[in-house]
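Reader: I am new to this structure. Please take one part and look at it closely, then lead me outward from there.

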Amino acid sequence: MKIHEYQAKEIFRNFGIPVPEGRMVRKASEAKKAAEAIGKEVVVKAQILAGGRGGGGGIKRAETPLDAEAVAREILGMTLITHQTGPEGKRVCKVLVEEALEVERELYIGMVIDRERSCIAVIASEEGGMEIEVVAAKSPERIVKECINPRVGLASFQTRKIVRALHFPKRSLRQGISVIQNLYRLLMEKDASLVEINPLVITRDGKLVSADAKISFDDNALYRHPEIAALQDIHEEEPMEAEAFTHRLSYIKLNGNIGCMVNGAGLAMATMDIIHLYGGVPANFLDIGGAASSERVEQAFRILLSDAKVKAVLITIFGGIVRCDRVAIGVVDAVKKLHVSVPVVVRLAGTNCDLAADILNKSGLTFRVANDLADAAEKVVAAVKE
């Protein structure tokens, strides 16, 4: 789960990470009041869950409160298009008004879960203000990485190595160490999967300030942090993905026309790959998980069919924990209840798969039952072409 910059900065503040004075507002008149309260030149920043806001015109400076009001009026309501939003962009409903900083240097510091190495990866660079992917491509020697053993935690020598690599001035050393340590503490205590400061500004008077803030949280750990779950902005989420989340379904919308309903992330990835192999394009990633009950299958169908691009549905289930006959009953009930009109290809393997095939064949519905994954992909691609 992602949160907005203003929300992330409030969490930073609670963990002792310095941030500029600022206020989130939804009206241009409120932006003027916020600038007056801050009492100095401000920056007005669009609050959307995507990067690249500055390049899209979503971040602008304002010298006076009247300027802040004018800039906020310009940004609020606009459809902001960046390289992360896609061509459709995102509508700006709120902005962050915060004090402008007197910048001497800009640094980058981020921490992310490295699943390949089973550690927390600390990534830092003196090239702050730029996307870390761009720095990695153009100047990889400017990036320092540290792998934190989760059993040991962030060691002092690792913090010192990062501080040396970033060449903090002496007057900023102690604060730099504190920022790194608190950033790691935040990630661990709040079950974050990513924390990032870009840029971490060194001001002209030697202070460190987080000019930007980004945090992503592990969805599977939100039950431990209701205060974090409450920060979710469902208006910023893809509507179908938000709906799936409420039903504990893992759903990601794609650009194809074949709806996929699968149990298990690995099988879902394999299903999408083989659809491509046979010349089709998946409309989504949808993992219904191990508890493939009738209710969950029905909700999955509702979400799949709410995408107008879907011209056929492929259901592929491996019955390990879940029984295939129960899945088949759920599929039959859902298709009847929802009056599904697009072709439905079903491939069930594992526990009670023969009984499941019999249920599908005797349902009175026109399912296309596949023998294996390749057969299923071939049939669903053919169904779309028909």
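Where is the place of H167?

Author: H167 sits in the loop between α5 and α6. Helices (H or I, at least four residues) and strands (E, at least two) are DSSP runs, numbered from the N terminus. Before going on, note what kind of model this is. It is predicted, so local features need pLDDT of at least 70 and side-chain atom pairs count only at pLDDT 80 or more, while totals for chains, interfaces and linings use all residues. Residues are numbered from 1 along each chain as its sequence is written, and side-chain values use heavy atoms, with hydrogens and water left out.

Back to the loop. H167 is not a glycine, yet its phi is positive, about 55 degrees. Most residues other than glycine have a negative phi, and most peptide bonds are trans. S118 also has a positive phi of about 55 degrees, and it is not a glycine. This residue lies in the loop between β7 and β8. S118 counts as exposed (over 50% relative accessible area, 1.4 Å probe, protein chains only) because its relative accessibility is 57%. H339, just after α11, has a positive phi of about 55 degrees as well. The peptide bond between N198 and P199 is cis, with omega about 10 degrees. P199 belongs to strand β10.

Now the elements beside these loops. The largest nonpolar core has 38 residues. Such a core is a set of buried (under 20% relative accessible area) Ala, Val, Leu, Ile, Met, Phe, Trp, Tyr and Cys residues joined through side-chain atoms within 4.5 Å. Its members F12, I109, M111, I215 and F217 touch the most other members. Elements giving two or more residues to this core include α5 (156–166), α6 (173–189), β7 (103–114), β8 (119–125) and β10 (192–203). Helix α6 gives the most, with 6 residues.

Take I109. Beyond residues up to four places away in sequence, I109 touches (heavy atoms within 4.5 Å) partners including V122, I162, I180 and V195. In soluble globular proteins, nonpolar side chains tend to be buried together.

A second, separate core holds 33 residues, including V297, V322, A328 and L360. A328 is one of the buried residues of α11. That helix covers residues 324–338.

One last stop is I75, in helix α3 (residues 65–75). I75 counts as buried because its relative accessibility is 0%. Outside its neighbours within four places in sequence, I75 is in contact with V44, A46, G57, G58, V92 and V95. I75 and V92 are 17 residues apart in sequence, but 6.9 Å apart in space, C-alpha to C-alpha.

Conventions: Expected span 1.5 Å × (residues − 1).
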